[in-house]
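Student: I am new to this structure and would like a close look at one part of it, the salt bridges. Please take them in turn and then place them in the rest of the chain.

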Amino acid sequence: MNRPKSPDYVIFFAIIALLGIGVVMVYSSSAISAYVNFDDSYYFLKRQLIWASLGIVTMLFTMNIDYHVWRKLAKPILLATLVLLVLVLVPGLGRVVNGARRWLGFGSLYLQPSEIAKLSMVLYCATSLARSQDKINSFMKGVVPNLAVLMLVFGLILKEPDLGTALAIGATVFILLFSAGAKVTHLASLGLTGVAGVVVAILVEPYRLKRLIAFSDPWADPLNTGYHIIQSLYAIGSGGLFGVGLGRSREKFLYLPEPHTDFIFAILAEELGLIGTLAVILLFFLFAWRGYKVAISAPDVYGSLLAAGLTTMITIQALMNIAVVTASMPVTGIPLPFLSFGGSALIFTLSGVGILLNISRYVSLE
């Protein structure tokens, strides 16, 4: 391998730009609810600034660690993640919010194990698939070992319940299998089985079925199951081309639930309009383009798979969140990377970006 060079600045500055927009929008979208609930308009802003600062530190740290180190650490990290995913389901340990048991911690410090699972699954599958390149055409020897681990993680996260995160991880592993050279027939069978499994997961949980029905016709129940989608569309529609102005959203006045987390993109659309949303989408596109270019140009199979997995992990989350906010898919509780308020999500996502930037130091993208 060549000596490390400077990281890819397109990826770096795209992420910093998204992070900056996120900090501004977290404050703008949360100021009202923060004042009502905590008597402090800056409550969420102060915390987001802390998490963003810590996230940048972790990104710079992982950016300067040779990415091959993660091959040795992938399995221990995965085992630790599995332990945390089990612990979060234990009554008294896992914190329950809105009926979901997804957090571990105490006081005001909480950790979301499913966010660690996203990164640990990419690290593990990239390592496993790089090691078994000669077996990738075999369903039992090349695909099933990774599929078994995915099913274990998927099941634990689904138990929280968090179908959105589970689907994002499943889709990322699917892309990794494709990138590793798995047979199309194997991938097609996995895709069909996955779709069937998602349908069953929706049908066995009444609230998921209600969300699916609300997605097809939100105005059939505008004050209950369709409320999120309708208020989100009101926000987006009100923004027009240039928006109503930064800080001047009406939906954030306790009309749109979760305006600073899952639905922050709707507030951005309302305040900054089509121009603002296109700018954010363009930044995600730049990140995806350069990330996959790093994957294609990586000096070894492991680096290629790791870069592809990290890029996919973030891109899929962005696509899913924007699809939910624009009523292009049923509501799932998945945040918008770098923009939504959150601690563990931001730190571990930026850690993944740091690893991607380290891979970029060994490739030529000119």
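Tutor: Glu-115 and Lys-118 are both buried. Their side chains meet in a salt bridge, with N to O at 3.1 Å. Both residues belong to helix H4, which covers residues 113-131, and they sit three residues apart, about one turn of the helix. The model in which this pair appears is a predicted one.

A second pair is Lys-252 and Glu-271, whose closest N and O atoms are 3.4 Å apart. Lys-252 is in the loop between helix H9 (227-239) and H10, while Glu-271 is in helix H10, so this salt bridge ties together parts that are 19 residues apart in sequence. Here too both partners, Lys-252 and Glu-271, are buried.

The structure holds four salt bridges. One of them joins the side chains of Arg-290 and Asp-8, at 2.6 Å from N to O. This pair links distant parts of the chain: Arg-290 is in helix H10, Asp-8 is in the segment before helix H1 (9-38), and their positions lie 282 residues apart in the numbering. Arg-290 and Asp-8 are buried as well.

Helix H10 also holds Leu-283, and the helix runs over residues 264-297. With a relative accessibility of 14%, Leu-283 counts as buried, because the cut-off for that term is under 20%. Leaving out residues up to four places away in sequence, Leu-283 touches Ala-14, Ala-17, Leu-18 and Ile-21. For one of these, Leu-18, the C-alpha atom is 7.0 Å from that of Leu-283, although the two residues are 265 apart along the chain.

Now the chain as a whole. Its secondary structure comes to twelve helices and three strands. The radius of gyration is 20 Å, close to the 21 Å that the globule rule gives for 366 residues, so the chain is as compact as a globular protein of that length. Taken along the principal axes, the C-alpha atoms fill a box of roughly 55 × 45 × 40 Å. Of the 366 residues, 51% count as buried. Among contacts with a separation of 6 or more, 73% are between residues 24 or more positions apart. The accessible surface comes to about 16,300 Å², and carbon and sulfur atoms account for 68% of that surface.

Helix H12 is a case of an enclosed element. Of its 17 residues, 16 are buried, so H12 is largely enclosed by the rest of the structure. H12 covers residues 344-360; at 1.5 Å a residue it should span 24 Å, and its end C-alpha atoms are 24 Å apart, which agrees.

The loop between H11 and H12 has two residues to look at for their backbone angles. Most residues other than glycine have a negative phi, and most peptide bonds are trans. Ala-327 has a positive phi of about 60° although it is not a glycine. Ala-327 is placed in the loop that joins helix H11 (301-325) to H12, and with a relative accessible area of 23% it is partly exposed. Phe-338 is found in the loop between H11 and H12, and its phi is near 75°, a positive value in a residue other than glycine. Phe-338 counts as buried, at 3% relative accessibility.

Another backbone feature is the peptide bond from Glu-160 to Pro-161, which is cis, with omega near 0°. Pro-161 lies in the loop between helix H5 (139-158) and helix H6 (163-180).

Last comes a part of the surface without charges in its list of residues: a nonpolar patch of about 500 Å², made by Val-195, Val-199, Leu-203, Leu-209, Leu-212 and Ile-213. Helix H7 (184-204) and helix H8 (206-216) each supply at least two residues of this patch. One patch member, Leu-209, is in helix H8. Leu-209 has 30% relative accessibility and therefore counts as partly exposed.

To return to the request: Glu-115 and Lys-118 both lie in helix H4, Lys-252 in a loop is paired with Glu-271 in helix H10, and Arg-290 in helix H10 is paired with Asp-8 in the segment before helix H1.

Definitions and conventions:
Residues numbered from 1 in each chain as written. Predicted model: local features only at pLDDT ≥ 70, side-chain atom pairs only at ≥ 80, totals over all residues. Heavy atoms only, no water. Patch = residues over 30% accessible without salt bridge, like charges linked within 9 Å, V, L, I, M, F, W, Y side chains within 5 Å. Areas by Shrake-Rupley, 256 points an atom, 1.4 Å probe, with all protein chains shown as cover. Helix = DSSP H or I, 4+ residues; strand = E, 2+ residues; numbered from the N terminus. Buried < 20%, exposed > 50% of the residue type's maximum accessible area, 1.4 Å probe, protein only. Rg over C-alpha atoms; globule rule 2.2 N^0.38 Å. Contact = heavy atoms within 4.5 Å. Expected span 1.5 Å × (residues − 1).
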